[in-house]
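Subject: Structure for your review

Dear colleague,

Please find below the structure that I am handing over to you. I would be grateful if you could read the notes beneath it alongside the coordinates.

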Amino acid sequence: MKQPLIVAVGRQYGSSGRLVGAKLAERLGVEFYDKEKLMSIARSTPDYSEVKAFYEERPVNSLLYAIAMNEEPAVTSETVFRRIRALMQDHSGVLIGRCGNLIFRPDANAVSVFIHAAPEIRCQRIAQLENISPKKAAMRMQEVDEERIEFHKYFTGEQWGQAEGYELCLDSGVLGVDGCVEMILNYLRWRGLLDENEAAGK
C-alpha cells in the first residue's frame with residue numbers, strides 16, 4: 001500500500017456488505033471498523049454519551065424524540081465525523097456504514113463502495129441469518145433499509161444508496177461476496193492505491 005487507505009462500504013440489509021468489508025480488510029491486512037468496533041473505541045472517550053446515538057445507529061424518530069424531550073444533547077454530524085476521521089487518518093482501514101462515503105469523500109486515498117442485491121436474494125439471506133420466515137425477512141429488510149435511509153439523510157442531507165454518492169456499486173447477488181472483494185481490489189489497483197502484487201492471495 002502506497003499510503004494509508006480508507007474503503008468506506010455502504011450496504012443494503014441482507015446484501016452481505018458487512019461480510020464483503022470484513023473479507024476485504026483481511027485481504028488488505030488492515031483494520032475493520034464496524035458498529036461494534038467503533039462503539040468499543042468510542043465508549044472509552046469521556047463524552048461518549050454525546051455521540052452514542054450515532055454509533056448505535058439509533059433510528060431517527062427516536063433521535064428527534066429524545067432531542068425534543070431534552071433527554072440527551074443533539075448529535076451533530078460535525079462532531080462524529082471529525083472523530084471518525086481522527087480515528088482513521090493515520091492508518092488504513094475498512095469502514096462499514098456510518099456515512100463513510102461522505103466523511104472521506106474529499107480524500108484522494110479513500111474509496112466508497114455500495115453493496116446491493118435483488119430483494120429476493122436479500123430476503124433469503126436475512127431469513128437464514130435471523131432464522132425467521134421469508135415474510136418476516138421481507139418486513140425486516142424494508143424496516144432496516146428505511147432506518148438507514150433516514151439515518152443517512154439526518155446526518156448528511158443526502159439520499160442513501162444513490163449511485164452518485166459512491167465510486168463503486170456492486171451487486172453481491174451477481175458477484176457473490178468473494179467476487180465483490182476481487183472487484184474492489186482490482187479497482188484499488190486501477191486507482192493506483194494498491195500495488196499489483198498486494199492482496200493477491202486469499
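The notes below cover the sheet, the helices packed on it and the nonpolar cores.

Please bear in mind that this is a predicted model.

The sheet is open and has 5 strands, paired in parallel in the order β2-β3-β1-β4-β5. Its edges are formed by β2 (31–33) and β5 (168–171), each of which pairs on one side only. From one strand to the next, the twist averages 20°. Within this sheet, β1 (residues 6–11) and β3 (residues 93–96) run parallel and are joined by 4 bridges. One residue pair in this region is isoleucine 6 with glycine 93, its bridge partner in β3.

Two helices may be described relative to β3. Helix α1 (residues 17–28) lies across β1, β2, β3 and β4 (110–116), and runs at about 175° to β3. Helix α5 (residues 77–88) packs on the sheet, where it touches β1, β2 and β3, and its direction makes about 155° with that of β3.

As to the interior, the largest nonpolar core comprises 25 residues, and Val7, Leu24, Leu28, Val94, Val113, Ile184 and Leu188 have the most contacts inside it. Two or more residues are given to this core by each of β1, α1, β3, β4, β5 and α9 (172–190). Helix α9 supplies the largest share, 7 residues. Apart from its neighbours within four places in sequence, isoleucine 184 is in contact with Val7, Val20, Leu24, Val113, Leu168 and Leu170. A second, separate core has 15 residues, including Phe81, Leu95, Ile103 and Ala110.

With kind regards

How values were computed:
Residues numbered from 1 in each chain as written. Predicted model: local features only at pLDDT ≥ 70, side-chain atom pairs only at ≥ 80, totals over all residues. Heavy atoms only, no water. Pairing = 2+ DSSP bridges. Axes fitted to C-alpha atoms, helices over the stretch in contact; angles between N-to-C directions. Contact = heavy atoms within 4.5 Å. Core = buried A, V, L, I, M, F, W, Y, C linked by side-chain atoms within 4.5 Å. Buried < 20%, exposed > 50% of the residue type's maximum accessible area, 1.4 Å probe, protein only.
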